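User: I'm new to reading protein structures and keep tripping over the vocabulary. Could you show me one and let me ask why things are called what they are called?

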Amino acid sequence: MKNLKKLALMGLTAVMSLSLLTACGGGQGGTANTPAGSSDTPAAETTPAAVETTPAATGEFTTVEEGKLIMATNCQFPPYEMVADGESGPYVGEDGVSYEGIDVELALAIADKLGLELVIDDMDFDSALMAVQNNAADVVLAGLSYREDRDEVMDFTGKYATGVQVVIVKEGSDVTMDNLGDGKLIGTQRGTTGYIYASDTPENGGYGEENVMAYDNGALAVQALLGGSIDAVIIDQGPAEAYVAANEGLTILPGNWVEEDYCIAVDEGNTALLDAVQTALDELQTDGTVDTIIAKYINAD
């Protein structure tokens, strides 16, 4: 089953790399301090005059609120986004709540590149996906993995990190990677690919919807596991390690349940903003900023 999932994800990644995003989005005006469009694309090499007039090349794009970049996320997903102690995090909201994590610092760096003020809106994961589609947020940065069905309603950047999903169980449990489908009750975070894949039919490599419980966040799923309501939790490796470290009696099964690419998403058709965010992301990857942020929160050892 795991091999089937990995093949499917490889196919999705190939589709993502071939996607062509063309339409332009609405909202109030914003201005980026980013350089002209990338010269690496075939279009830039063959039609430079046309590229010079695009919103991305001129630094013009749209955001929900002028001068701001609103990020929809779910801050129960360490080490990508989480609430910090007091005001110790790199981002402090108007309500005094402080946030930290890979996605938080990446969003701050992107907003700085675009000459915008970052605003973090913490909500359920499902709601974060809907926020950009309902013109309530500009980007989703929430450990979000690419899926073909999501690409129908949102536009995605290239990947900035690789996500690995693993399985948490109680120490001494008889649950293994091989017997997860044998009537075990599995907890996942609602709306995530972990839920989507696990709740699919056995014919498609899943365990069946009746064997999967959806929770508003990973912490609630872990509490259900500790309480004995479920047999295992499927979640990304980073959060899994944080939850296991914070809760005695839990362990992670050997091996990866699935691997996927983390991307940033904007509303479908908001190509000008997508291009600006992608340009900023490319620069941050080239100068090593992304690697530095990830290394700060994830120990390679």
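Analyst: Sure, here's a starting point: of the 301 residues of the protein chain, 50% count as buried. This is a predicted model, in which local features need pLDDT of at least 70 and side-chain atom pairs count only at pLDDT 80 or more, while totals for chains, interfaces and linings use all residues. Residues are numbered from 1 along each chain as its sequence is written, and side-chain values use heavy atoms, with hydrogens and water left out.

User: What makes Asp 261 buried?

Analyst: Buried means under 20% relative accessible area, exposed means over 50%, and partly exposed is in between (1.4 Å probe, protein chains only). Asp 261 has a relative accessible area of 13%, so it counts as buried. You'll find Asp 261 in strand S16 (residues 258–262). Its C-alpha atom is separated by 9.5 Å from that of Arg 147, 114 residues apart along the chain.

User: And why is Asp 282 called partly exposed?

Analyst: Its relative accessible area is 33%, which falls between the 20% and 50% limits, so partly exposed is the right label. Asp 282 has its place in helix H10 (residues 271–286). From Asp 282 to Ile 110 it's 10.0 Å, C-alpha to C-alpha, with their positions 172 residues apart in sequence.

User: What makes something a helix or a strand here?

Analyst: Both are DSSP runs, numbered from the N terminus: helices (H or I) have at least four residues, and strands (E) at least two. By that rule the protein chain comes to 11 helices and 17 strands.

User: Why are H5 and H11 called roughly antiparallel?

Analyst: Look at the angle: the axes of helix H5 (residues 102–114) and helix H11 (residues 289–297) cross at roughly 155° and come within 9 Å. Axes are lines fitted to C-alpha atoms, for helices over the stretch in contact, and angles run from 0 to 180 degrees between N-to-C directions. Under 35 degrees counts as roughly parallel, over 145 as roughly antiparallel, 65 to 115 as roughly perpendicular and the rest as oblique. Roughly 155° is over 145, so H5 and H11 are roughly antiparallel.

User: How do you know that H5 and H11 are in contact?

Analyst: Contact means heavy atoms within 4.5 Å. Ile 102, Glu 105 and Leu 106 of H5 make the contact with Val 290, Ile 293, Ile 294, Lys 296 and Tyr 297 of H11. Those residues divide into six nonpolar, no polar and two charged. For the sorting, Ala, Val, Leu, Ile, Met, Phe, Trp, Tyr, Cys and Pro count as nonpolar, Asp, Glu, Lys and Arg as charged, and the others, Gly among them, as polar.

User: What makes H5 and H10 roughly perpendicular, then?

Analyst: Their axes come within 9 Å too, and cross at roughly 115°. The roughly perpendicular range is 65 to 115 degrees, so that is the name H5 and H10 get. On the H5 side, Leu 106, Ala 109, Ile 110, Lys 113 and Leu 114 meet Ala 276, Val 277, Ala 280, Leu 281, Glu 283 and Leu 284 in H10. Here the split is nine nonpolar, no polar and two charged.

User: How do you know that Lys 170 and Gly 228 meet, given they're 58 residues apart in sequence?

Analyst: Leaving aside neighbours within four places in sequence, Lys 170 is in contact with Leu 225, Leu 226, Gly 228, Gly 249, Leu 250 and Thr 251. The C-alpha atoms of Lys 170 and Gly 228 are separated by 9.1 Å. Lys 170 lies in strand S11, while Gly 228 is in the loop between H8 and S14. Gly 228, at 47%, and Lys 170, at 33%, are each partly exposed.

User: What makes Asn 135 and Pro 79 worth a look?

Analyst: Most residues other than glycine have a negative phi, and most peptide bonds are trans. Asn 135 has a positive phi of about 60° although it is not a glycine, and sits in the loop between helix H6 (125–133) and strand S9 (139–140). The peptide bond from Pro 78 to Pro 79 is cis, with omega near 5°. Pro 79 is in the loop between strand S4 (76–77) and strand S5 (81–83).
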